[in-house]
Amino acid sequence: MSSPASPLAPFRHLIFRRLWTATLLSNLGGLVQVVGAGWLMTSLSDSSGMVALVQASTTLPVMLFSLVSGALADNFNRRDIMLGAQVLMMAVSLLLAIFTFAGWLSPWLLLLFTFLIGCGTALHNPSWQASMGDIVPRDDLPGAVTLNSMSYNIMRSLGPAIGGIIVATAGAAFAFALNAASYVALIHALYRWQPPRVSRTLPREALGSAVVAGLRYVAMSPNLLKVMGRSAIFGFSAVALLALLPLVAKDLIKGGAFTFGILLGCFGAGAIIGALLNNRIRSIWRNETIVRATFLGYGAGTLILAFSHNLWLSCLALLPVGACWVMTLSLFNVTVQLSTPRWVVGRSLAMYQTSTFGGMTVGSWLWGVLADLRNVEQALIVASAVLALGAAIGLRYVLPEFSKLNLDPLNRFNEPELQLELSPRSGPIMVMIDYEIDQDDIPSFLNLMASRRRIRLRDGARQWGLLRDLENPRTWTESYHVPTWVEYVRHQQRRTQADAYVNEKLRALHRGSAPPRVHRMIERQTVPIRDDTPLKQTHMELP
C-alpha cells in the first residue's frame with residue numbers, strides 16, 4: 001500500500017481554502033436552522049411522523065431535482081449556479097425567520113420552507129461537488145471530498161449545541177435569522193472566485209437530452225450502479241437515527257432542545273474523527289471492507305440508542321456512528337468522482353445524491369410512521385437490522401476500488417471532410433466500421449466488441465449491432481446510429497484515454513491491409529415522385 005496523503009493536503013490551494021472556510025460558516029447556520037426546525041415542530045405538532053418529515057422535507061428536493069441540477073452543472077458555469085442557489089436559500093431562510101417572529105407558522109408551512117431550502121441545496125450540491133475536480137488536482141480529490149464532509153461535521157459538533165442554546169434562550173426565529181446571515185460569507189467567496197471559462201466547440205446539450213445522457217451513462221456503468229445501490233440502502237436505514245433524534249432526546253432521555261443539540265454535537269464530533277482517520281483507513285482496507293464495517297458500526301450505535309435512557313451512554317454511542325457516517329458517504333462520493341469523466345461528472349454525482357437522498361427521504365417518512373405505530377425504540381431496532389442487511393449485500397455485490405483509469409478526453413477525433421453540406425441538426429447518422437478478422441481471433445474479437453458496445457451506448461450511440469458477411473466470413477461490420485451530426489461529434493469527443501485500450505486491441509486483431517474502413521452515412525427516406533404529365537405527352541411510338 002502507498003503511504004496515505006495528508007488529509008489536509010487540499011488546503012495548499014487558495015481557492016479551496018477560501019470556499020471551504022466560507023462553507024464552514026454556512027454549515028453553522030444550516031445546522032442551527034436544523035435544530036430550530038426540528039425542535040419547533042415538536043411544539044407545533046404531537047405527531048412523530050410530522051417531526052420526521054422535517055428531515056424528509058429537506059432531502060426530498062435533492063431526490064427530485066438533483067439530476068436536473070447535475071445536467072445544469074455539466075452545461076453551465078458552476079459558480080453562477082452555486083451563487084443562485086445560495087441567494088435562494090438566504091431569501092427563504094429570511095422569510096422563515098419573519099414568519100416565525102410574526103407567529104404565522106403552522107406545521108405544513110414549516111415543511112414548505114424547509115422544502116424550499118432543500119431545493120437550494122439540490123441546486124447547489126452537484127455544482128459544488130463537481131467543482132472539486134476543477135479546484136484541486138486528482139491526487140488531492142479524495143482529501144477535498146473528505147474535508148468537505150469534515151466542514152459539515154465540524155459544525156455538526158458545535159452548531160447543534162449552539163442551536164440548542166439559541167432555541168432554548170432566544171427561540172427558533174432567531175436561529176432562522178442566524179442561518180439567513182450565514183449565507184453572506186459563501187456568496188462573497190463565490191463571487192470573488194473566477195474559474196476559467198471552458199471553451200465549447202459544440203452547442204450545449206438540451207436539458208432533456210443532457211438528463212437522458214446522464215441516466216444512460218450511469219445505467220451502462222456497473223461500478224456506478226453498485227455504489228448507488230449501496231448508498232440508497234445506507235441513506236434509507238441510517239437516516240432513522242437522525243430523523244428520530246429529536247424524539248430520542250425528548251422521549252427516551254427526557255431532555256430538551258439543549259439535550260438534542262448535545263446529541264447532534266456528539267454525532268458531529270465522531271464524524272470529525274472519522275474524517276481525520278479516513279485516509280489512513282483507506283490505505284489499509286479495501287473499499288468493500290470499510291463499507292461493511294461502517295454499516296455494522298452504524299447499526300450497532302443505532303441499537304444502543306434504542307435501549308439507552310442515559311445521556312452520556314447515548315453520546316458515547318453517537319461518536320462511532322458519526323465516524324461511520326462520514327467514512328461511508330465520502331467513500332461513495334470519491335468512488336463516483338474517480339470513476340466518471342468530466343463531461344458527465346455533475347450528472348453522475350447528481351444520480352449518487354438522488355439515490356442517497358431518495359433513500360433518506362423514504363426512510364425519514366417510514367421510520368416516522370413506524371415510530372407512530374409502535375414506538376421510537378422499535379423503529380431504531382428495525383433500522384439497525386436493515387443496516388446489517390446492507391453489510392451482507394456486499395458479499396454478493398462488491399464495491400469497486402477507486403478507479404485508476406485515465407478518464408481524460410482522448411482528443412483524437414478530427415471531423416472528416418464531408419462532400420455533402422450538413423447542418424448540426426442533420427440526421428439521423430448511421431456509422432459502419434468494417435473489420436477483417438481471422439477465424440482463430442473471433443472469440444477475442446467478440447469479447448472486445450462486448451466492451452465496445454457498452455462504451456458506444458454509454459456515450460450516446462443507439463441501435464448498436466454487429467454483422468458478419470455471409471459471402472466473406474472474415475468481414476465483420478460494427479454499426480450504430482446517432483440522431484444528428486452534432487450528436488455524432490459529441491459522441492466521439494466523449495471518448496476517454498481509458499477507452500483507447502479497446503480500440504487498440506481491435507486494430508491489432510484487424511487483418512486488412514488498410515485500417516478498419518469507416519462509413520458515415522445520413523439516412524434518407526425514399527419518396528415516390530408524382531407524375532401528373534398527360535399520357536399523350538409521354539407516349540413514345542415504337543419503331
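L395 is exposed in this predicted model, because its relative accessible area of 65% lies over the 50% that marks an exposed residue. This leucine is found in the loop between helix α14, which covers residues 376-393, and strand β1. For a sense of where the loop lies relative to an earlier part of the chain, one can take L329, which is 66 residues away from L395 along the chain and whose C-alpha atom is separated from that of L395 by 19 Å.

Another leucine, L95, belongs to helix α3, which runs through residues 78-102. With a relative accessible area of 43%, L95 counts as partly exposed, because partly exposed residues fall between the 20% and 50% limits. L95 also joins L94, I98 and W104 in making a nonpolar surface patch of about 410 Å².

Helix α15, formed by residues 442-458, offers a check on its geometry: at 1.5 Å a residue its 17 residues should span 24 Å, and the end C-alpha atoms are indeed 24 Å apart, so the expected and computed spans agree. The buried residues of α15 are I442, F445, L448, M449, R452, I455, R456, L457 and R458. The elements that cover these buried residues include the helices α8 (207-219), α16 (485-493) and α17 (500-509), together with the strands β1 (429-436), β2 (462-468) and β3 (475-482). Strand β1, which also bounds the loop that holds L395, is thus met again among the elements covering α15. Just after α15, the chain reaches G460, which takes a positive phi of about 120°.

Note on methods: Residues numbered from 1 in each chain as written. Predicted model: local features only at pLDDT ≥ 70, side-chain atom pairs only at ≥ 80, totals over all residues. Heavy atoms only, no water. Helix = DSSP H or I, 4+ residues; strand = E, 2+ residues; numbered from the N terminus. Expected span 1.5 Å × (residues − 1). Buried < 20%, exposed > 50% of the residue type's maximum accessible area, 1.4 Å probe, protein only. Contact = heavy atoms within 4.5 Å. Patch = residues over 30% accessible without salt bridge, like charges linked within 9 Å, V, L, I, M, F, W, Y side chains within 5 Å. Areas by Shrake-Rupley, 256 points an atom, 1.4 Å probe, with all protein chains shown as cover. Salt bridge = Lys/Arg side-chain N within 4 Å of Asp/Glu carboxyl O.
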